[in-house]
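Reader: Could you take me through one part of this model closely? I would like to hear about its salt bridges.

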Amino acid sequence: MPKVERLSSPHPLRGEDALEESLRPRTLDEFIGQTRLKENLRVFIQAAKMRQEPLEHVLLSGPPGLGKTTLAHILAYELGGTIHCSSGPVLERPIDLAGILTRLNRGDILFIDEIHRTTKAVEEFLYPALEDFAIDILLDKGPGARSEQIALEGFTLVGATTRTGLLTAPLRSRFGIILRLDYYPAEELCTIVHRSARILKIEIEDEGAKEIAARARGTPRIANRLLRRVRDFAQVQGKKEIDKEIVQFALDQLEVDARGLDEMDKKILLTVIDKFNGGPVGISSISAAVSEDPGTIEEVYEPYLLQQGFIQRTPRGRVATPLAYQHFGRKPPAGTQTALEFD
């Protein structure tokens with residue numbers, strides 16, 4: 001999946017790692033939002049501690065930018081272990097994983113981001129490590145080859161994925177705890193903006209924080225990015241405090257509208273509306289029309305447009321909803337509702 005360098009991208013942009021790290025909550029108490037998930041995790045952690053056992057393996061799913069990596073770090077902190085991070089595309093061969101597994105201490109967290117992108121060989125090598133805390137290593141080659149089992153310390157695998165459907169059933173079944181992160185409501189994002197502003201020593205009015213939250217696409221990573229860009233505009237204009245007026249000016253300048261839609265979101269919606277008469281239209285046709293990778297559209301743009309109700313996914317393709325027409329001041333063609341009902 002190529003990185004998409006846009007202000008509203010839920011993926012981290014180049015150079016943002018250090019900034020994200022400085023804003024990352026360290027404990028469950030500091031983590032804002034995802035209340036039910038957080039409280040369930042608190043119970044699972046406490047129970048594992050009482051039994052003096054490693055926490056069962058955890059699968060975190062949901063759109064990018066919602067806090068899956070942050071939660072993995074928090075789990076390590078709450079469990080008193082060390083986190084070891086990797087990602088599916090990096091682990092190309094079983095030997096890559098063996099080196100990591102044999103360095104784990106009891107209670108450590110192995111975090112694999114984009115776990116749906118691990119190779120089949122790595123995935124199968126992982127199974128005995130997850131079930132029996134042991135791995136089989138092949139020694140020598142040819143007729144003298146033999147395998148040796150190496151015992152591992154009890155650890156917890158935390159897998160993160162944006163596409164649960166791409167996980168194989170055998171791998172998914174090895175996670176005892178499966179949790180999904182949802183988009184954040186504006187109220188929680190507003191609280192996150194205030195917290196980040198305090199850490200970054202930025203003065204911000206509540207109305208300004210609410211305006212950033214409303215345009216942040218339900219995603220903390222985007223909210224924090226918008227806050228930093230608005231700070232630039234406020235500083236250049238000599239404002240000591242960020243208010244609603246400067247937020248609206250800055251984000252209008254950056255082409256992030258009041259619903260958080262950016263240039264590519266609008267391009268996708270207007271393509272469905274204008275070129276395909278509102279749909280249904282297949283993802284490949286949209287991809288060709290807007291010159292964007294279909295996987296990027298499905299993973300990056302579409303989830304928010306679906307969640308906000310701008311498009312509907314039907315068996316025959318994507319359909320622009322009345323809300324999409326309303327957003328652009330267009331009148332839906334006759335029969336739009338009939339098509340939706342038919343599907």
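Author: Happy to; what follows is a look at the salt bridges, pair by pair. This is a predicted model, so local features need pLDDT of at least 70 and side-chain atom pairs count only at pLDDT 80 or more, while totals for chains, interfaces and linings use all residues. Residues are numbered from 1 along each chain as its sequence is written, and side-chain values use heavy atoms, with hydrogens and water left out.

A search of the whole structure finds 23 salt bridges (a side-chain nitrogen of Lys or Arg within 4 Å of a carboxyl oxygen of Asp or Glu). One of them pairs Glu302 with Arg318, with 2.5 Å between the closest N and O atoms. Glu302 lies in helix α13 (residues 294-308) and Arg318 in strand β9 (residues 317-320), so this pair ties together parts 16 residues apart in sequence; helices (H or I, at least four residues) and strands (E, at least two) are DSSP runs, numbered from the N terminus. Glu302 is buried at 2% relative accessibility, and Arg318 is buried at 9%. Here buried means under 20% relative accessible area, exposed over 50%, and partly exposed in between (1.4 Å probe, protein chains only). Through shared partners, salt bridges join Arg163, Glu298, Glu302, Arg313 and Arg318 into one network.

Another pair is Arg215 with Glu211, at 3.0 Å from N to O. Arg215 is buried, with a relative accessible area of 4%, and Glu211 is buried at 12%.

Glu114 and Arg117 also form a salt bridge, their closest N and O atoms being 2.9 Å apart. Glu114 is partly exposed at 24%, and Arg117 is partly exposed at 35%.
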